[in-house]
Each structure stands twice: as structure tokens, then as C-alpha cells.
Amino acid sequence: MRAKLSYALTAAVLVFYFVLVGSRGVMLIQSGTLLTVTFGVAVLILPVIGVWFLWKNTQFVRRANALAVELDAEGGLPVDELRRTPGGRVDRDSADEVFDRRKAETEAAPDDWRTWFRLAVAYHDARDTPRARKAMQRAISLHDGKPVQTA
């Protein structure tokens, strides 16, 4: 719940910022000189890119959460079996052990979105966020029946 609240707060701050920047861009365009119109258009591009990025990220999070709910209903969510340091951080060796099992599971069933979901969690636990995101995107694509691109 804390993560959702944090995400919503961050999104709200970003939307406020996009509106603020967008209004400045409009003001520059309304000035009417070639220079201010050029800067105004350039300034308006930033909020458009930001809104697009926020929208795509929000869609990704919603789809990943929907998969988590479905997997939980099936009883297939990965159990937190990781050892922790005294400070509460995940022990790296423990994360690597779980990752190796999840990778083998995914290699054995490469067309099952569930194995890719669990692999994404293992990547996340191993602090490899880019690969975690790619594995989750693959899980979403497989779940939705979309063709999966291989790299």
C-alpha cells in the first residue's frame, strides 16, 4: 500500500509540474515573437513526453499488478524465502540462489507467463531492475497472447 501511495503522490507532483511547464510554454507562444514561439513549442514538448512516459509506466504497473493478483489467486506467487542482513537488506547470495532456480524454471517453460513473472521478481530481488522490467514485460506479453520479440 505504501508503494501505491508513493507512486500516486509522485504522479500527482509530476502532473502539477507538467501543467506548470505547459502553461509557461503557452505564455511564451502567446508572446508572438519568433524566438518566444520557438521556445514555447520546445517547452510544450517536455510535458507531452512526460505525460506519455507517466502513462506508459502506469499501464505497465497496472498490468503487472493484475498478473500478481491472478497468480496469487492460483497460489503461484513466489514465496519470500530470501535471507536478510541484520540491516534488513536481501542477502546477495540468497538472491542469487533463488534467481538460479527461477531461471531454470523459466528455461524449462519459456512460454509460461507465470515463470517469467517469478523470474522478474527474482531479478528485482537481485537488484537488476532493467532485466526485471524486461522479464515482466515478457510475462505481460505472454499473458495477453501477444507475440514476444526475442533479443
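Glu81, Arg101, Arg102, Glu105 and Arg118 are linked in a network of salt bridges. That network is a good way into this predicted model, which has 11 salt bridges when they are all counted up. From there, this briefing moves on to a nonpolar surface patch, a pair of aromatic rings, two threonines and a tryptophan.

**Salt bridges**

- Side chains of opposite charge can pair when their charged atoms come close.
- Within the network, one link to look at joins arginine 102 and glutamate 105, whose side chains meet at 3.7 Å, N to O.
- Both of these residues sit in helix H3, which covers residues 92–108, and they are three residues apart there, so about one helical turn separates them.
- How buried or exposed is each partner? Arginine 102 is buried, at a relative accessible area of 12%, while glutamate 105 is partly exposed, at 26%.
- Another salt bridge joins aspartate 91 to arginine 83, and here the closest N and O atoms are 3.4 Å apart.
- Aspartate 91 is partly exposed, with 22% relative accessible area, and arginine 83 is partly exposed too, with 44%.
- Which residue does arginine 114 pair with? Its partner is aspartate 112, and the closest N and O atoms of the two lie 3.1 Å apart.
- Arginine 114 has a relative accessibility of 25%, so it counts as partly exposed.
- Aspartate 112, at 22% relative accessible area, is also partly exposed.

**A nonpolar patch on the surface**

- Have a look at Val41, Ile45 and Ile49: they form a nonpolar patch on the surface.
- Together, these three residues offer about 260 Å² of accessible area.
- Isoleucine 45, one of the patch members, belongs to helix H2, which runs over residues 34–74.
- With 44% relative accessibility, isoleucine 45 counts as partly exposed.

**Threonine 36**

- Helix H2 is also where you'll find threonine 36.
- Is threonine 36 buried or exposed? Its relative accessible area is 19%, and the cut-off for buried is under 20%, so threonine 36 counts as buried.
- The side chain of threonine 36 makes a polar contact of 2.8 Å with the side chain of threonine 33.
- Setting aside residues up to four places away in sequence, threonine 36 touches Leu28, Ile29 and Ser31.

**Aromatic rings**

- How many aromatic pairs does the model have? The count comes to two.
- One of them is made by phenylalanine 99 and tyrosine 123, with ring centres 4.8 Å apart and ring planes at 55 degrees, so this pair is tilted.
- Phenylalanine 99 lies in helix H3 and tyrosine 123 in helix H4 (residues 113–125), so the pair ties together parts that are 24 residues apart in sequence.
- Both ring-bearing residues are tucked away: phenylalanine 99 is buried, at 15% relative accessible area, and tyrosine 123 counts as buried at 16% relative accessibility.

**Threonine 115**

- Threonine 115 is another residue of helix H4.
- At 3% relative accessibility, threonine 115 counts as buried.
- What does its side chain reach? The side chain of threonine 115 gets to the backbone oxygen of alanine 109, at 3.1 Å.
- Leaving out neighbours within four places in sequence, threonine 115 is in contact with Glu105, Thr106 and Ala109.
- Glu105 is a name you've already met, as a member of the salt-bridge network.

**Tryptophan 113**

- Helix H4 also holds tryptophan 113.
- Tryptophan 113 counts as buried, with 7% relative accessibility.
- Which residues does tryptophan 113 touch, not counting those up to four places away in sequence? The list is Leu67, Glu70, Leu71, Glu74, Ala139, Leu142 and His143.
- Histidine 143 deserves a second look: tryptophan 113 and histidine 143 are 30 residues apart along the chain, yet their C-alpha atoms are separated by 5.6 Å.

Definitions and conventions. Residues are numbered from 1 along each chain as its sequence is written. This is a predicted model: local features need pLDDT of at least 70, side-chain atom pairs count only at pLDDT 80 or more; totals for chains, interfaces and linings use all residues. Side-chain values use heavy atoms; hydrogens and water are left out. A salt bridge is a side-chain nitrogen of Lys or Arg within 4 Å of a carboxyl oxygen of Asp or Glu. Buried means under 20% relative accessible area, exposed over 50%, partly exposed in between (1.4 Å probe, protein chains only). Helices (H or I, at least four residues) and strands (E, at least two) are DSSP runs, numbered from the N terminus. Patches are made of residues with over 30% relative accessible area and no salt bridge: like charges are joined within 9 Å, nonpolar side chains (Val, Leu, Ile, Met, Phe, Trp, Tyr) within 5 Å. Accessible areas come from the Shrake-Rupley method with a 1.4 Å probe; for residues, only the protein chains shown count as cover. A polar contact is a pair of N or O atoms within 3.5 Å; within protein, one must be able to donate a hydrogen and the other to accept it, and residues adjacent in sequence count only if both atoms are side-chain atoms. Contact means heavy atoms within 4.5 Å. Rings of Phe, Tyr and Trp (its six-membered ring) pair if their centres lie within 6.5 Å; planes under 30 degrees apart count as stacked, over 60 as edge-to-face and the rest as tilted.
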